[in-house]
Amino acid sequence: MTGIVTKSTGSWYDVLIEGKKYECRVRGKIRLEEIKETNPVTVGDHVRIEIEEGSHAITEILPRKNHISRLSVKKTGHSNILAANIDQAILIATLQQPRTSLGFIDRFLVSAEAFRIPQILVFNKIDLYDADDFESVQGLRRTYERIGVTIYFTSTLKNEGIEDFKKILTGKISLIAGHSGVGKSSLLNLISPHIKQSIGEISSFNQKGTHTTTFAEMFEIDKQTFVIDTPGIKEWGLVDMTPQEISDYFPEMRELRLNCKFGSKCLHLREPGCAIHLALENKEIALSRYESYVAMAEGKDNRK
Ligand SMILES: Nc1nc2c(ncn2[C@@H]2O[C@H](COP(=O)(O)OP(=O)(O)OP(=O)(O)O)[C@@H](O)[C@H]2O)c(=O)[nH]1
Ligand SMILES: [Mg+2]
Ligand SMILES: [Zn+2]
């Protein structure tokens, strides 16, 4: 039998087969294309399961069409896969409680762009934004819409933007990710009566979330529509990528770098008159995006 992993706890997994869920363990050694990861089986994986002595075991992971992963914080050199076989990657961000940094956003987008997974950015908690935040948000909208990222604004408290958010999910498998406390579970609870995720507190000490969702889980909204709620992420480390690969995953650099007079070896860091520098001067590339590129290409520890 083959099915789809809908929940992963690290020790057991829920596998959905024709509308029925089976609790499974992983048997023996599973072979994978990537060797270095902390979680070999992830939500969204298509797997083969067998029944052994009355219990169910995952015996094979079928090839993935894509996956989204980051560098593991706990184990150096290993990556942690958030989900596999998704149609779109949705980052829930906010400018308040807790603020999401542009570096974090850009590393998430690059990780999705590596597999050409469409990206959506949702700024939640707009009820908490002040005038400066709304001004920033206009700038962010220009920066991200220009590179093909769809951007939405929501408030679960005031029930704003929720209908539009719901529409973008229709007919797709969506990964929902972001820092702890940005409101991922709150948003999902609002869009479907079947989803009843626990909602956490924001710590009054540091205005951050308290890691309420502990396991990634996929929910069915209707026959064609699935969402994956994930635990809050503290840091997003890029998995191994060369500067050339990174610039390929910045859509605004992808074409330009082919015209760079320094050729395909150019890192676009300090080379005078390089095509990327010229585009930056002409404001065709946003400064914050270029800064994110530089931090990634130089491999700076800049994960937050
Ligand atoms: N003011 C305001 N608070 C919100 C909004 N959305 C969520 N919150 C609050 O933010 C806190 C965290 O919400 P959760 O939905 O648990 O956040 P999460 O992203 O799922 O967090 P983790 O599961 O820890 O990763 C709760 O106190 C929510 O009530 C919003 O739009 N406005
Ligand atoms: Mg949650
Ligand atoms: Zn260049």
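Here are three short exercises, with worked solutions, on a predicted model of a protein chain with a ligand.

**Exercise 1. Work out whether the size of the chain agrees with a compact globule.**

Solution. Start with the length: the chain has 304 residues, and a compact globule of that length would have a radius of gyration near 19 Å. Next, look up the value for this chain, which is 20 Å. The two agree. For a feel of the outline, the C-alpha atoms fill a box of roughly 70 × 45 × 35 Å along the principal axes. Inside that box, the chain has eight helices and 13 strands.

**Exercise 2. Find where ligand 1 sits and describe the residues around it.**

Solution. First, locate the site: ligand 1 takes up the space of the second largest pocket. Then count the neighbours, using a cut-off of 4 Å between heavy atoms. That gives 23 residues, with D127, T156, S180, S186 and T213 the closest. Finally, sort the shell by type: 14 residues are polar, six are nonpolar and three are charged.

**Exercise 3. Pick out polar contacts of ligand 1 and say how much of the ligand the protein covers.**

Solution. Take pairs of N or O atoms within 3.5 Å. Begin with the side chains: S180 puts a polar atom 2.6 Å from an oxygen of ligand 1, while an N or O atom in the side chain of D127 is 2.8 Å from a ligand nitrogen. Now check the backbone, where an N or O atom of G183 lies 3.0 Å from an oxygen of ligand 1. Last step, the cover: on its own, ligand 1 has 660 Å² of accessible area, and the protein covers 89% of that.

Conventions. Residues are numbered from 1 along each chain as its sequence is written. Chains are lettered from A and ligands numbered from 1 in the order in which they are written. This is a predicted model: local features need pLDDT of at least 70, side-chain atom pairs count only at pLDDT 80 or more; totals for chains, interfaces and linings use all residues. Side-chain values use heavy atoms; hydrogens and water are left out. A polar contact is a pair of N or O atoms within 3.5 Å; within protein, one must be able to donate a hydrogen and the other to accept it, and residues adjacent in sequence count only if both atoms are side-chain atoms. Accessible areas come from the Shrake-Rupley method with a 1.4 Å probe; for residues, only the protein chains shown count as cover. On a 1 Å grid over the protein atoms alone, a cavity is a set of points where a 1.4 Å probe fits but cannot get out, and a pocket is an open set with protein on both sides within 12 Å along at least five of seven lines; lining residues have an atom within 4 Å of a point. A molecule sits in a cavity or pocket if more than half of its atoms lie within 2 Å of its grid points. Ala, Val, Leu, Ile, Met, Phe, Trp, Tyr, Cys and Pro count as nonpolar, Asp, Glu, Lys and Arg as charged, and the others, Gly among them, as polar. Helices (H or I, at least four residues) and strands (E, at least two) are DSSP runs, numbered from the N terminus. The radius of gyration is taken over C-alpha atoms; the globule rule is 2.2 Å times the number of residues to the power 0.38.
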